[in-house]
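Visitor: I should be grateful for a close look at a single part of this molecule. Please take me through that part step by step, in terms that a first-year student can follow.

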Amino acid sequence: MKRGITLLLFPLMVACTGRNANEQAVAQVDSLRHVIVRQDSLVNDIFSSLDQIVANLQQIRMRENLIATRIDAQDRCGRISGDIAAIDSLLRENKIKLLALEHDMERLRSTHLNVTKLECLIGQLTAHMESDDTDIQNLKHELEMKNRQVRNLSGQVEGLELREEKLEAEIAESATQLNKAYYIADSRKNLFAKGIIVRTGLVAKAVKVNDNCSLDPFIRSDIRSLNQIQVDGREPALVSTHPAGSYEFNTDKAGQTWLYILKRNEFWRYTKVLVVAYR
């Protein structure tokens, strides 16, 4: 009886065992498929990061060439600073990508794939980046030194400009003083009254300029621009000393008398105080 029951159950047991084996095989295939998909996605991420790192390195090379060109052309430091800042930014971006790449590589190693060549490539890229980082730090230092030199030179130039301006002002003031003159044209009576002229004592009508007279009544002028003086009286004559031939009195058509200075340097050779007396 027992043997009969066993014979009846045997086909059912075989059928159950077959179904379990099939389900396990399907599960293994699905698991393998998921592993492959994950590997493919991981590999794609790795190569995408590598492509971006290489592109950044190419940008860095281009910027480095621009810097070399601008240094040779003595370009402005501001543009070089911009190139260095761009390289610095690309290097920081590459460092972040390399950190992410190392993490992806750890995950890829766990799949037991042979990643030796890929690791070698990443190592080379890392070495390039470290070299670029050193170069950029050196460039920053060099640029800072040049900026410091420029600031020092700018300070020196500003100092020289201030000294030049001061010197020019001093020269201009000296020229003004050297070319400063005082003149007055008035009647003899008024000139005596103001103490500008005095009698010499030798001849009754002989007069001279008072050495101690005040210059307040005089008109201050610059001999470089003083060419003629209006005389409002008869029989004008110079009381101050000026060489003959360096001046003349003349009356225009309107009857106005003028003193014309013909030879400026010679006229003012002895004195810068001009006194014209008339009746």
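Guide: What follows is an account of one residue, L274, and of the parts around it. Please keep in mind that the model is predicted.

L274 is found in strand β9, which covers residues 273–278. Is this residue buried or exposed? Its relative accessibility is 0%, and buried means under 20% relative accessible area, so L274 counts as buried.

The next matter is the company that L274 keeps. Leaving aside residues up to four places away in sequence, L274 touches Y182, Y183, I184, F218, I229, L238, S240, H242, L259, F267 and W268. One of these, Y182, is 92 residues apart from L274 in sequence, while the C-alpha atoms of the two are 6.1 Å apart in space.

Strand β9 itself belongs to an open sheet of four strands, arranged in the order β4-β1-β9-β6 with mixed pairing. The edge strands of this sheet are β4 (219–222) and β6 (237–238), each of which pairs on one side only. Within the sheet, β1, made up of residues 180–187, pairs with β4 in the antiparallel sense over four bridges. In that pairing, K180 stands opposite D222 of β4.

Let us return to the contacts of L274, among which are F267 and W268. Both of these aromatic residues also belong to a cluster, in which ring pairs link them with Y247 and F249. How many aromatic pairs does a search of the whole structure find? It finds three. In one of them, the ring centres of Y247 and F249 are 6.2 Å apart and the planes stand at 85 degrees, so the pair is edge-to-face. Y247 is partly exposed, with a relative accessible area of 23%, and F249 is likewise partly exposed, at 27%.

Y247 also pairs with F267: here the ring centres are 5.8 Å apart and the planes lie at 75 degrees, so this pair too is edge-to-face. Because Y247 lies in strand β7 (residues 247–251) and F267 in helix α5 (residues 264–267), the pair ties together parts that are 20 residues apart in sequence. F267 has 0% relative accessibility and therefore counts as buried.

To draw the view together: L274 is buried, lies in β9, and touches F267 and W268 among other residues, while F267 and W268 are members of the aromatic cluster with Y247 and F249.

Terms used. Residues are numbered from 1 along each chain as its sequence is written. This is a predicted model: local features need pLDDT of at least 70, side-chain atom pairs count only at pLDDT 80 or more; totals for chains, interfaces and linings use all residues. Side-chain values use heavy atoms; hydrogens and water are left out. Helices (H or I, at least four residues) and strands (E, at least two) are DSSP runs, numbered from the N terminus. Buried means under 20% relative accessible area, exposed over 50%, partly exposed in between (1.4 Å probe, protein chains only). Contact means heavy atoms within 4.5 Å. Rings of Phe, Tyr and Trp (its six-membered ring) pair if their centres lie within 6.5 Å; planes under 30 degrees apart count as stacked, over 60 as edge-to-face and the rest as tilted. Two strands pair if DSSP finds at least two bridges between them.
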